[in-house]
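User: I have a structure to go through and I keep tripping over the labels. Can we talk through what earns each one?

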Amino acid sequence: MSEGSSESSSQRVTVADVQQLVKKKDAIEAQIKAYYDILEGQNKAGMDEPLVDIEGYPRTDINVYEVRTARHNIICLQNDHKALMKQIEEALHQLHARDREKHRLDEAEMHSEAMEQENSLPSAFAKVDTVSPGSPAYISGLQVGDEIIEFGSVNTQNFQNLQNIATVVQRSEGKPLNITVIRNGQNVHMNLTPQRWSGRGLLGCNIIPLQS
């Protein structure tokens, strides 16, 4: 097999492929154990015990052929096991590398989307300067530093001056207004209902323009 085709094959490795390799490994290990059991049954001949007696004749207390066959098969299976372990290691490496690459691409995509969202935010036309505790603005969730991009019918395109906001507030007493602000680089939506309260005005906050 060429190097290119081997690389192509490794790129197609799946979790199921690894599981199949592990099954083969387990099967080989079971075979090796079975052959070791045979050697154990042959008067504990093992892998290194001599097969001839002190006079150089085949031992009569064991089945020499069976011992030789078991030893040969164990050596072959151990070589197969070593090669299979290398395959498993390479397959796991491929899977982990692919997972890392996927994680990296996902993070890059999330960062790109966040940048696009930030760049797509419309320009604010006013900013919240103060918010009085207990006021309608405070209850709605408006915070100091919020940059306003929508205040009822007033938005970046039609805002001219703070009188635009004042007019909307006066006409909307007791009625909820849709407010959209930029806070920490994100759009935040809320409902603000202008109404009488213990303090001054209908909102209880101070708004300053960001453009002339």
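**What earns each label**

Analyst: Let's start at one end of a helix: Asn161 caps the N-terminal end of H5, with a side-chain oxygen 2.9 Å from the backbone nitrogen of Gln163. Keep in mind that this is a predicted model.

User: What makes that oxygen and the backbone nitrogen of Gln163 a polar contact?

Analyst: The pair is an oxygen and a nitrogen 2.9 Å apart, and the cut-off is 3.5 Å, so the distance passes.

User: Which residues of H5 are buried?

Analyst: Ile165, Val168 and Val169.

User: How do you know that they are on the same side of H5?

Analyst: Look at the arc around the axis: they cover only 100 degrees of it, so they share one side of H5. That buried part packs against E2, strand E3 (154–155), E4 and E6. On the face turned away from it you'll find the exposed residues Gln170 and Arg171.

User: Which strands run antiparallel to E1?

Analyst: E2 (residues 147–151) is joined to E1 (residues 126–131) by two bridges, and the two run antiparallel. Strand E6 (residues 205–209) is also antiparallel to E1, with five bridges.

User: Why do E1 and E2 count as paired?

Analyst: They have two bridges, and pairing needs at least two, so they qualify. With five bridges, E1 and E6 pass that cut-off of at least two as well. For particular residues, Lys127 stands opposite Glu147 in E2, while Ala126 has Pro209 as its bridge partner in E6.

User: Which residues touch the most other members of the largest nonpolar core?

Analyst: Phe125, Leu142, Ile148, Phe151 and Ile179, out of 22 residues in that core. E1, E2, helix H5, strand E4 (177–183), strand E5 (186–192) and E6 each supply at least two of its residues. There is also a second, separate core of 10 residues, with Val13, Val18, Leu21 and Ile32 among them.

User: What is Ile148 in contact with, leaving aside its neighbours within four places in sequence?

Analyst: Ile148 is in contact with Ala124, Phe125, Ala126, Val128, Thr180, Val181 and Ile207.

User: How do you know that the length of H2 agrees with what a helix of its residues should span?

Analyst: Set two values side by side. At 1.5 Å a residue, the 27 residues of H2 (residues 15–41) should span 39 Å, and the end C-alpha atoms are 39 Å apart, so they agree. As for what's buried along H2, the residues are Val18, Leu21, Lys25, Ile28, Ile32 and Leu39.

User: Why is Lys24 called partly exposed?

Analyst: Lys24, which lies in helix H2, has a relative accessible area of 44%. Buried is under 20% and exposed is over 50%, so a value in between gets the label partly exposed. Lys24 and Leu84 are 60 residues apart in sequence, yet their C-alpha atoms are 8.0 Å apart in space.

User: Why is Asp146 called buried?

Analyst: The relative accessible area of Asp146 is 2%, and buried means under 20%, so the label fits. Asp146 sits in the loop between helix H4 (136–140) and E2. A polar atom of the Asp146 side chain lies 2.8 Å from the backbone nitrogen of Gln143. Not counting neighbours within four places in sequence, the contacts of Asp146 include Ala126, Lys127, Gly141 and Met190.

User: What makes Ser140 buried?

Analyst: Ser140, in helix H4, has a relative accessible area of 16%; the cut-off is under 20%, so Ser140 is buried. The side chain of Ser140 reaches the backbone oxygen of Ala137 at 2.7 Å. Beyond residues up to four places away in sequence, Ser140 touches Met190, Asn191 and Leu192.

User: How do you know that Lys44 counts as exposed and Asn43 as partly exposed?

Analyst: Lys44 has 58% relative accessibility and exposed means over 50%, so Lys44 qualifies. Asn43 has a relative accessible area of 47%, which falls between the 20% and 50% cut-offs, so Asn43 is partly exposed. Asn43 is in the loop between H2 and H3, and so is Lys44.

User: What is phi for Asn43 and for Lys44?

Analyst: Phi of Asn43 is near 55 degrees, a positive value in a residue other than glycine. Phi of Lys44 is likewise positive, near 55 degrees, and Lys44 is not glycine either.

Key: Residues are numbered from 1 along each chain as its sequence is written. This is a predicted model: local features need pLDDT of at least 70, side-chain atom pairs count only at pLDDT 80 or more; totals for chains, interfaces and linings use all residues. Side-chain values use heavy atoms; hydrogens and water are left out. Helices (H or I, at least four residues) and strands (E, at least two) are DSSP runs, numbered from the N terminus. A nonpolar core is a set of buried Ala, Val, Leu, Ile, Met, Phe, Trp, Tyr and Cys residues joined through side-chain atoms within 4.5 Å. Buried means under 20% relative accessible area, exposed over 50%, partly exposed in between (1.4 Å probe, protein chains only). Contact means heavy atoms within 4.5 Å. The arc is that of the directions from the helix axis to the C-beta atoms. A polar contact is a pair of N or O atoms within 3.5 Å; within protein, one must be able to donate a hydrogen and the other to accept it, and residues adjacent in sequence count only if both atoms are side-chain atoms. The expected span of a helix is 1.5 Å times one less than its number of residues.
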